[in-house]
Structure formats: structure tokens, C-alpha cells
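User: Hi! I have a structure on my screen and would love to talk it through with you. Could you take my questions one by one?

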Amino acid sequence: MSMILEARVWKFPDNINTDLIIPSGSIYLSAAEQAKLAFKANRPGWVDDMRPGDIIVAGKNFGMGSSRPAARSLKMLGVGCVIAESINGLFFRNSINYAFPAMECPGVMALFNEGDVAQVNFHDGAVRNLTAGKSITAKALPAKLLDLLQAGGIYPLLEQKGIIEPQT
Amino acid sequence: MGMTITEKILARKSGQAKVSPGDLVTVGVDTVVFVDTMFVPTRWRKIKKLDHPERVVVVLDHRAPVPDRQGAATHKIAREFVDQYGIERFHDIGYDQGISHQVVADHAYALPGSLLVCSDSHTGSAGVFNCLARGVGVPDVFYAATLGETWFIVGETIRYDLSGRLPRAVTMKDAFLQIAGRYGDHTNTNVEYGGSALAHLSISARKTLTTMSTELSADFAIFDPDDVMCEWIRARRPDAFECFYPDADAKYKAVRQVDLGALQPLVAYPDSVVENSQPVAAAAGTRIDQAFVGSCANGTLEDLALTAEVVRGKRVDKRVRFIVTPASQAVYRAASEAGIISTLANAGVVVTNATCGACGGTHMGVLGENETCITSSTRNFKGRMGETSARIFMGSPATVAASAIRGVITDPREFLQ
């Protein structure tokens, strides 16, 4: 998986919770069906407007709340990555678990306007606004976690070890 | 420089003399709790190798008893897993049923200094027992249960020193709303609670604070140990344990004082728990359709007793559905023996069996379009308890009960003088 991403930016405010990404009552839907409900309550229609590869830039405390696999939904939609002022620890774990890139980057909300084109390098943490010609540095992931993310997250690892059965 | 409680336990569990904020540590896990949401057919991965079933606890809680066929399929998978590996600590529908975090407390599954993970986000609840506990992802639970370890990035710690005594009609939910309102989110930060107020705080009261710390986005939430805590554990299991205290020269991101005696009843307004608290008076008079006391935050015997104290001899407003859900069947039985269940029922409260229930918005109290609810549960997010147009206020069980009687949001001090 390439860890240098380049795409247009969508901006989301502080405190986006996982109930907004995976609404209550959708637990029995397939991952693909669940993904289509993302931000239905706070930004209806967004899932149809976004294009695969697009990048979410968000305020502080992104992904607060439940352990539901919100990162899996964003990955399923094709979102390239999340770059946020700060990221809830449980959402961050799930981003690694499901191999969905996410990085904290203080100052990122001021760096971008919605629709700008971002280039994000997960190897060195560089976050560039290609539209405005400005850049800042994110908190790069520890090498071990970046390796796990690039290897596809936890499930492939456990499957290779023969510990869990592949999903049928 | 010394260490905080969280740093000390992470150091012990990772086999190091010292850990510091920013470190990525691999730690041994003592207890792994599987809740029913793990076993949803689209999520579950059959485990082929589980060397230590004695590490595992299985609790069917989110939708229990199940209201539909998908739920039935989910619980069936859980029972097959329990049978396959002979898991003894299994909490099925029945005598030992309850919300996992209450079950952990009822049975003292979380020992001081131990490490416990579960895929429910409110797992930090067990921090009340000086145990390092937190919610992780479903994949993390598979990993920890089968390989016996997991990873954490060590965060900085904020310490709260609690002093004073709660005034009448003010609870630890109000203390939480005060912290959440004033300080906002604690993302990437651990919280540590202690102080002279512990002498007056029961385990149940403290547990509201550790459970709700999830809503601060805290990583770990943990209390200083004391005799009350040790006695709670010893009354429930014989195992030896070691308590962990912070070093005198521990380095904190901040140390904050909270005088419980200066608090008043608060509510969080709809859609966000943090940065959203107001005195109950600000929302007083708002019409409600539903009131809820329950969840891992406020479904204890004390919460039910306080609710009963408010509604005793009165009748719930005709326009209000007041639902009370004990956090475990053990709580239900104790409330029944104390006459609390009949007091509630006589007032027109609907008392359900123990489950997460209305808190999760999927059964037993789902909100309709444009309805207003006041709840003592864990979250007031948009759509959390039903329709996205519904409004959810959050307050203490006393505030919820007072509001249910009047039919409008009401200061509980009008009932509890």
C-alpha cells in the first residue's frame, strides 16, 4: 500500500463521534451497507459526493465514542486517510487494526480549505497543501504500527498465524 | 522522575523498569472480556486456537434477551464459542446476566494492577479497582485473547484530586459533567482520580466517573486504591493482589482540584457530552417524552435507590415513558429485596431486566422522530438512542427521576431537600 497520498480535502469539525460514522441500529448490516450510512446524520449526501482517495481533514477528538469499526467504514468508502488535530485512541487503534491510515497533525484545520489538494506522506509525516503551497508536519506513526498498517492490519496477521479462520 | 499509576502498571506489564509518555509498549493482558457485539455474524472470526480460556470472560449484554433473529444468531455463536473452549466465566441470559462492566464489578474480575481489555468502549469502568482497563477494537480482542498481549502508546496523565462531600441531590454524574464541561476532551491522555473525597465515595459512585471517562476520550482512567476498594474485592474473590499508587514525584500533564461540595446538578445538552454542560436550571421546563436510568454509568443499586427516593409515593407524568434498567441481575435482585423495584413500579416506572438497552438505541426504549429524552446513560450523541431528530439531554439519576415526575426537565433539589 502506497503511503504517500494525494487527493482533495473534505473538512469535518471537532468531536466527530463514531455514532455519526456508523449509526446505532446498523450493526447487523454488511460492512459495505454500513459504510453507506457514514455521516448521514450530520452531512447527508456526502458519501455520494466523495470520490475514492479523498482525504478527510478534521478537528480535534476525531472518532470519539464507541468501539464500532468506524475506520473500516471509511476504508470501505475509499477514503484515503484521516488527518486530524487529534484522534480518539480507540478510533486510532481501529485505524491500525483495519489498515486505514490516520495521523494526528496539530494545525491541519488551518492549513486547508475544503476542496484544496493535499499530499500526505505517512513515512515522514509531511502534510502539504498543494493548492496553497504550504506544509506542516504531522505526528508520524511509530514504525511498528506503520508496518502493521501496511501489512493489512490485524486480521491478515492472525490468519497467517492460523489463529482465526478467514471471513467466509 | 517518578511514574503515575498508569505508567507503573504499563511498566510492570511490559517488563520494563520505567515507561514514559510517547513510548509504544507491548503488554501482557490478564483478562479479555468478549461482549455480544463481538459475535455478530458479519464481525465474528472463528478462533482456531485459544490457549488460555481462563483469561476470557463472555458477557451477553447489549441486546439481552435478544429482540430479533439477528440477535439470536449472534448469541448462538457466543454459546458455541463458550462450549468449544469450556469458558467458565460466561454470563448468559439468567442469574448472572448484566452489562459487562457491572458484571466485572459484581464478580471482581478486575484486580488491582492487572490489565483488562474488551471491545466495549466503556471498559475503562474497571479502573475504579486500580486496574488498567480500556476499550479496544474487535480485532484487538481477537489478538489479545489468542496471543495474550496488546500494544499501547503511553499517554500523559492528568490527575484529579477530589475533595469535599457531594451536596444532597448531587451525584458523581454531576461531577463528571462539571469536568467534561469545563475541561473538554482528554484525547491521548490518561486520567487518575484520588483525593480526600474518596473517604465518602462508594465504589458505585466512583465507577460512574471511570465509566464516563470514555466520553472524555481518555485512554486509561484509574482510581487510587483504598480500603473500601480492597474490601469490595476481598468480599468477592480470594486472590491476592497488589495495589498501585502514584509516585510522589510522578509527572502529570496537569493536576486539577474538584471540590465536590461546590457542585450543583448539571445537564449536558443534546449531541455532545463534552463542552456542553449547564446547570439544570438552564434547561428546566423543557418537555420530555422519555426518561432513562440505566447503563454501565448509572445502573447500580445506589442509582436505583436514588431514583426510588425521588419517585416514592408519586406518579410519573402521563406524557413520559420512564424506563429503568438495572446494570445487572445482581443489582435487580438487590433492588427487589430492598423494595426498590416495587416503589418504582408503583410510581409508573417500567423496570426492565439488565441489559444495555435504551442506551444503545436498539431495543427497549428507542426514541422516535423529534422526541426529547433525558437520560443518565453514557451518550447523548445525535441518533444514539433512536431517530437522529431526537434530542437527548444527560443528567444524574436524580435529575432524570425528578424530570419524569414533572414531565419537564427539573432540578432534583425540588424533590430531595
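**Strands, loops and the contact between chains**

Analyst: Happy to! A good place to begin is Leu116(B), which stands opposite Ala133(B) in S6(B). Please keep in mind that this is a predicted model.

User: In which sense do strand S5 and S6 of chain B pair, and over how many bridges?

Analyst: Strand S5 of chain B covers residues 115-118, and Leu116(B) faces Ala133(B) of S6(B). The two strands run in the parallel sense, and their pairing extends over four bridges.

User: Are the residues on the two faces of strand S6 of chain B buried or exposed?

Analyst: Strand S6 of chain B spans residues 132-135. One side carries Leu132(B) and Arg134(B), and the other carries Ala133(B) and Gly135(B). Both faces are covered, and these four residues are all buried.

User: Which residue in the loop between S5 and S6 of chain B has a positive phi although it is not a glycine?

Analyst: The residue sits in the loop between S5 and S6 of chain B. With a relative accessible area of 0%, this residue falls under the 20% limit, so it is buried. Its phi is about 60°, and the residue is Asn130(B).

User: Is Asp271(B) buried, partly exposed or exposed?

Analyst: Asp271(B) belongs to the loop between S12 and S13 of chain B, and its phi is positive, near 85°. Its relative accessible area is 32%. Buried means under 20% and exposed means over 50%, so Asp271(B) is partly exposed.

User: And Ser272(B): which backbone oxygen lies 2.9 Å from a polar atom of its side chain?

Analyst: Ser272(B) is also found in the loop between strand S12 (266-268) and strand S13 (277-279) of chain B. Its relative accessible area of 17% is under 20%, so Ser272(B) counts as buried. The oxygen 2.9 Å from its side chain belongs to the backbone of Val274(B).

User: With which side chain does Thr157(B) make a polar contact of 3.3 Å?

Analyst: Thr157(B) lies in strand S8 (residues 156-163) of chain B. Its relative accessibility is 0%, under the 20% limit, so it is buried. Leaving aside neighbours within four places in sequence, its contacts include Glu7(B), Asn190(B) and Tyr252(B). The polar contact of 3.3 Å is with the side chain of Thr4(B).

User: Where in chain B is the cis peptide bond that leads into Pro65(B)?

Analyst: Pro65(B) is in the loop between strand S3 (56-59) and helix H2 (69-85) of chain B. Omega is near -10°, and the cis bond runs from Ala64(B) to Pro65(B).

User: Let's turn to the two chains together. How much area do chain A and chain B bury between them?

Analyst: The contact draws on 48 residues from chain A and 50 residues from chain B. In chain A, Tyr28(A), Arg93(A) and Ile163(A) lose the most area to chain B, together 19% of what that side buries. Carbon and sulfur atoms account for 56% of the buried total, which is about 4200 Å².

User: Which residue of chain B forms a salt bridge with Arg93(A)?

Analyst: There are five salt bridges between chain A and chain B. In the one made by Arg93(A), the closest N and O atoms are 3.0 Å apart, and the partner is Asp140(B).

User: Which helix gives the largest share of the side of chain A that touches chain B?

Analyst: Four helices of chain A each supply at least two residues to that side: H1 (18-21), H5 (89-97), H7 (143-150) and H8 (154-160). The largest share is seven residues, and it comes from H5(A).

Methods: Residues numbered from 1 in each chain as written. Chains lettered and ligands numbered in written order. Predicted model: local features only at pLDDT ≥ 70, side-chain atom pairs only at ≥ 80, totals over all residues. Heavy atoms only, no water. Contact = heavy atoms within 4.5 Å. Buried area = accessible area lost by both parts, 1.4 Å probe. Salt bridge = Lys/Arg side-chain N within 4 Å of Asp/Glu carboxyl O. Buried < 20%, exposed > 50% of the residue type's maximum accessible area, 1.4 Å probe, protein only. Pairing = 2+ DSSP bridges. Polar contact = N/O pair within 3.5 Å; in protein donor to acceptor, adjacent residues only side chain to side chain.
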